[in-house]
Amino acid sequence: MSKLALPAVILALAASPGRALEPPSPGEIVEKSRQSFYSTGADMKARVTMTLITADDKTRTRVLTMLRRNVPDSQNQKYFLYFHEPGDIRGTAFLVWKYPERDDARWIFIPAVNMVRRVVARDSRSSFVGSDFTYEDISGRDVSADTHTLLREEKLGDRECYVIQSVPKAAIEYTKELAWIDKRTFLPLKEEYYDAQNELARLFTADTITDVAAGKDATKEAYPTVTKRTMKNVKSGHRTEVRFDSVTYNAGLDDGLFTERSLLAPPQNWIR
């Protein structure tokens with residue numbers, strides 16, 4: 001075979017239908033989904049409104065600023081959350097240093113007692129400020145913590161999805177999760193969490209997806225972003241709706257913002 005013909009044969013093999021349709025591995029799909037949902041851009045700033053809704057539609061609202069920075073040259077991340085409303089939790093601040101393959105470091109500042117408290121690893125699955133989201137839901141779960149299986153491919157609405165089953169390697173309050181992951185954006189569109197009785201316990205839905213500019217230049221490529229999301233406790237009927245407003249990527253957040261000092265003296269120019 002001539003040297004000129006060989007590249008053409010390689011390209012033809014690469015483009016063959018069997019190869020083109022082969023999906024990524026389940027672990028790769030989940031990793032891409034985590035990146036799309038939690039790691040877009042170099043950093044992110046957003047105004048977040050959490051609405052806690054009881055089964056009989058009584059509501060409570062929390063308003064906060066979320067800052068997130070991806071640590072360069074690593075998979076580590078840092079989060080800072082500051083609560084503006086309601087009055088009884090105003091000034092509460094939450095700091096996360098997220099690490100792959102090991103426990104994250106989490107701190108919370110409670111203004112009522114003027115104290116910074118470390119959130120230990122076993123608390124990561126507990127409710128985040130009374131909502132239906134856990135501390136771990138806010139900053140993400142490590143891909144390696146679960147065993148992932150691709151169950152099928154199907155449409156959810158008009159979006160083609162991978163349906164992934166994730167089974168925790170260590171015992172927690174749910175025994176498996178099913179996730180519908182958009183093939184194009186790799187965003188999670190729906191997640192179902194099942195309890196020890198194999199009954200649906202919690203349900204996550206991505207209600208609104210918005211293309212957000214990658215930086216101040218609106219002509220740059222936009223990032224698909226879940227700007228409205230809901231987590232529902234299926235058994236109690238309680239749910240939490242979360243809306244992200246004024247989302248800014250690549251805002252230039254400095255690493256110095258993500259320290260215990262910021263919990264005690266929040267960076268006013270970033271949390272307004």
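**Glu 191.** I looked up Glu 191 and found it in strand S10, residues 188-194. I am working from a predicted model. Is Glu 191 paired in a salt bridge, or what is its nearest side chain of opposite charge? I found that Glu 191 is buried and has no salt bridge. The nearest side chain of opposite charge is Arg 34, 5.2 Å away. A salt bridge needs the two charged groups within 4 Å, so Arg 34 does not qualify. I did find a polar contact: the side chain of Glu 191 meets the side chain of Tyr 193 at 2.9 Å. Leaving out residues up to four places away in sequence, I listed what Glu 191 touches: Glu 177, Leu 178, Ala 179, Arg 202, Leu 203 and Phe 204.

**Helix H3.** Arg 34 led me to H3, where it is one of the buried residues. The others on my list are Ile 29, Val 30, Ser 33, Phe 37 and Tyr 38. These buried residues cover an arc of only 135° around the axis, so they lie on the same side of H3. I then checked the span. H3 has 13 residues, 26-38, and at 1.5 Å a residue it should span 18 Å. Its end C-alpha atoms are 18 Å apart, which agrees.

**Tyr 223.** I turned next to strand S12, residues 222-233, which holds Tyr 223. Its relative accessibility is 24%, so I noted Tyr 223 as partly exposed. Its contacts, not counting residues up to four places away in sequence, include Thr 40, Gly 41, Asp 211 and Tyr 249. I also looked up Lys 190, which is 33 residues from Tyr 223 along the chain. Their C-alpha atoms are separated by 19 Å.

Note on methods: Residues numbered from 1 in each chain as written. Predicted model: local features only at pLDDT ≥ 70, side-chain atom pairs only at ≥ 80, totals over all residues. Heavy atoms only, no water. Helix = DSSP H or I, 4+ residues; strand = E, 2+ residues; numbered from the N terminus. Expected span 1.5 Å × (residues − 1). Buried < 20%, exposed > 50% of the residue type's maximum accessible area, 1.4 Å probe, protein only. Arc of directions from axis to C-beta. Contact = heavy atoms within 4.5 Å. Lys, Arg positive; Asp, Glu negative; His and termini not counted. Polar contact = N/O pair within 3.5 Å; in protein donor to acceptor, adjacent residues only side chain to side chain.
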